[in-house]
Amino acid sequence: MTAPSPEDAPQTEAASSYRVRVVAPPDYFPAAPAKSATVAADYYFVQSLVRAQLRLSLMVAVGFIVLLVGIALIVAFWPEIRELRLFHIPLAWVVLGVGVYPILMLAAVLFTRGASKNERLYSDLVKDIAKDDPQNPVQR
């Protein structure tokens with residue numbers, strides 16, 4: 001199949017908008033390198049990092065929810081707590097309204113420390129592999 005030439009364009013007012021498809025020659029793009037064992041290992045290690053981060057986030061979220069529900073259940077089933085007041089505000093409101101933020105900050109700090117540890121372990125592992133394999137295409 002041959003590409004149309006500009007002479008094939010219809011002779012109308014819209015002839016100036018005639019488009020020609022431009023394509024690169026078949027040998028323009030270099031061949032993709034063959035996947036090596038190190039690429040497969042890199043993929044495996046990235047997937048393990050993602051799983052570790054997911055596991056950490058779920059653990060922190062579940063821990064936070066358990067603490068929050070625990071506080072709410074204590075307030076609901078312990079009648080003496082409902083009677084306590086702090087500056088004319090029920091203590092249960094203070095604990096659930098203000099006391100949650102330090103717990104949330106603690107959860108954030110724990111998550112950040114855990115995520116940094118996971119990433120540091122991953123980075124050390126990748127550096128060890130790159131050091132052992134001079135043909136590794138991934139330079140870190």
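Here are legends for a few views of this predicted model.

**View 1. The whole chain, laid out as helices and strands.** Four helices and two strands make up the secondary structure of this protein. Walk along the sequence and the order is α-α-β-β-α-α, with the two strands sitting between one pair of helices and another.

**View 2. Surface and burial across the protein.** The protein has 140 residues, and 16% of them are buried. Its accessible surface adds up to about 11,700 Å². Carbon and sulfur atoms account for 67% of that surface. As for contacts, take the ones linking residues at least 6 apart in sequence: 61% of these join residues at least 24 apart.

**View 3. Gln-53 and its contacts.** Gln-53 belongs to helix 1, which covers residues 37-77. Is this glutamine buried or exposed? Gln-53 counts as buried because its relative accessibility is 17%, and the cut-off for buried is under 20%. Setting aside neighbours within four places in sequence, Gln-53 touches Phe-111, Ala-115, Asn-118 and Glu-119.

**View 4. Ala-41 and Val-126, far along the chain from each other.** Helix 1 also holds Ala-41. With a relative accessibility of 25%, Ala-41 falls in the partly exposed class. How many residues separate Ala-41 and Val-126 in sequence? The pair is 85 residues apart along the chain, and their C-alpha atoms lie 9.6 Å apart in space.

Notes
Residues numbered from 1 in each chain as written. Predicted model: local features only at pLDDT ≥ 70, side-chain atom pairs only at ≥ 80, totals over all residues. Heavy atoms only, no water. Buried < 20%, exposed > 50% of the residue type's maximum accessible area, 1.4 Å probe, protein only. Contact = heavy atoms within 4.5 Å. Areas by Shrake-Rupley, 256 points an atom, 1.4 Å probe, with all protein chains shown as cover.
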